[in-house]
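These are my notebook entries on a single protein chain. I set down what I looked up, one topic at a time.

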Amino acid sequence: MTDDAYLVLFDDPAVPLGVPLAAVEDASFLDTPAVRAWLEAQGVTVTSPGLRLLPPEETSAVPEDAERLPVPLGDEELIRVRQLNAPYDVAKMEEELLAYRSCAEGREALLARAVAAGVPAHRIAELTGEDLTTVKSLVH
């Protein structure tokens with residue numbers, strides 16, 4: 001697994017990896033000369049259907065022959081990409097986990113619901129700031 005997110009251009013726009021770049025078109029990396037030059041060299045724009053942004057944990061699934069460019073994502077951008085990439089139920093649960101940081105009431109119930117919804121323990125810990133060991137103790 002790499003720590004870089006990737007812009008990937010797929011021949012088939014129906015590939016289920018990552019999120020369409022248009023969904024995160026305000027990402028700060030889009031203003032860099034390297035990204036602008038890469039998009040121009042590929043003959044695509046931010047709204048091109050085969051252009052996807054993949055979080056680091058998905059980059060190993062990219063076919064070897066796919067055109068790709070590593071891009072830096074800030075913490076908030078990475079959270080947003082992961083939420084957009086997650087199934088709807090998991091994404092909604094992750095939003096609640098982010099809100100969790102500002103409240104302590106209902107803590108255990110929220111963590112248990114997140115586990116039940118299928119949010120991985122490491123993501124729960126990342127989103128809430130809880131210790132990973134504490135979160136893993138809820139998984140039976």
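**Entry 1: helix α4**

Which residues of helix α4 (residues 107-117) are buried? I looked this up first, keeping in mind that the model is predicted. I found Leu110, Leu111 and Ala114 to be the buried residues of α4. Around the axis they cover an arc of only 100°, so they lie on the same side of α4. The general rule helped me here: an α-helix has 3.6 residues a turn, so residues three or four places apart point the same way.

I then looked at the face of α4 turned away from the buried side, and I noted the exposed residues Glu108 and Ala116 there. Just after α4, I recorded a positive phi of about 95° for Gly118.

**Entry 2: the sheet**

In what order do the strands of the open sheet lie? I wrote down β2-β3-β1-β4, 4 strands with antiparallel pairing. The edge strands are β2 and β4, each of which pairs on one side only. As background, I noted that strands of a sheet pair through backbone hydrogen bonds, either parallel or antiparallel.

I went through the pairs in turn.

- β2 and β3 are antiparallel and pair over 2 bridges; here Pro20 has Arg52 of β3 as its bridge partner.
- β1 (residues 5-9) and β3 run antiparallel and are joined by 4 bridges; Leu7 stands opposite Leu53 of β3.
- β1 and β4 are antiparallel and pair over 5 bridges; Leu9 stands opposite Glu67 of β4.

I also recorded that helix α1 packs on the sheet, where it touches β1, β3 and β4. The direction of α1 makes about 170° with that of β4.

For β3, I checked which way its residues point. Leu51 and Leu53 point one way, whereas Arg52 and Leu54 point the other way. I found all of these buried.

**Entry 3: the nonpolar cores**

Which members of the largest nonpolar core touch the most other members? This core has 20 residues, and I listed Leu7, Leu21, Phe29, Val35, Leu53 and Val71 as the answer. Two or more residues come from each of β1, α1, β3, β4 and α2.

I followed Leu21 further. Leaving out residues up to four places away in sequence, Leu21 touches Leu7, Phe29, Leu30, Val46, Leu51, Arg52 and Leu53. Apart from the largest core lies another core, of 14 residues. Among its members I noted Ala114, Val119, Ala121 and Ala125. Ala114 had already appeared in my first entry as one of the buried residues of α4.

**Entry 4: the salt bridges**

How many salt bridges does the structure hold? I recorded 4. The general point is that side chains of opposite charge can pair when their charged atoms come close.

I looked first at Arg80 and Asp26, which form a salt bridge with their closest N and O atoms 2.8 Å apart. Arg80 belongs to helix α2 (residues 75-85), and Asp26 to the loop between β2 (19-20) and α1 (33-42). The two residues are 54 residues apart, and their pair links distant parts of the chain. I noted Arg80 as partly exposed, at a relative accessible area of 31%, and Asp26 as exposed, at 57%.

I next examined Glu57 and Arg82, whose side chains meet in a salt bridge of 2.9 Å, N to O. Glu57 lies in the loop between β3 (51-54) and β4 (67-71) and Arg82 in helix α2, so the pair ties together parts 25 residues apart in sequence. Is Arg82 buried or exposed? I found Arg82 buried, because its relative accessible area of 13% is under the 20% limit. Glu57 is partly exposed, at 35% relative accessibility.

Arg82 also forms a salt bridge with Glu126, with the closest N and O atoms 3.0 Å apart. This pair links Arg82 in α2 to Glu126 in helix α5 (residues 121-128), 44 residues apart. Glu126 is partly exposed, with a relative accessible area of 36%.

Which residues are linked in a network of salt bridges? I closed the entry with the four names: Glu57, Arg82, Arg123 and Glu126.

Note on methods: Residues are numbered from 1 along each chain as its sequence is written. This is a predicted model: local features need pLDDT of at least 70, side-chain atom pairs count only at pLDDT 80 or more; totals for chains, interfaces and linings use all residues. Side-chain values use heavy atoms; hydrogens and water are left out. Buried means under 20% relative accessible area, exposed over 50%, partly exposed in between (1.4 Å probe, protein chains only). Two strands pair if DSSP finds at least two bridges between them. Contact means heavy atoms within 4.5 Å. Axes are lines fitted to C-alpha atoms, for helices over the stretch in contact, and angles run from 0 to 180 degrees between N-to-C directions. The arc is that of the directions from the helix axis to the C-beta atoms. A nonpolar core is a set of buried Ala, Val, Leu, Ile, Met, Phe, Trp, Tyr and Cys residues joined through side-chain atoms within 4.5 Å.
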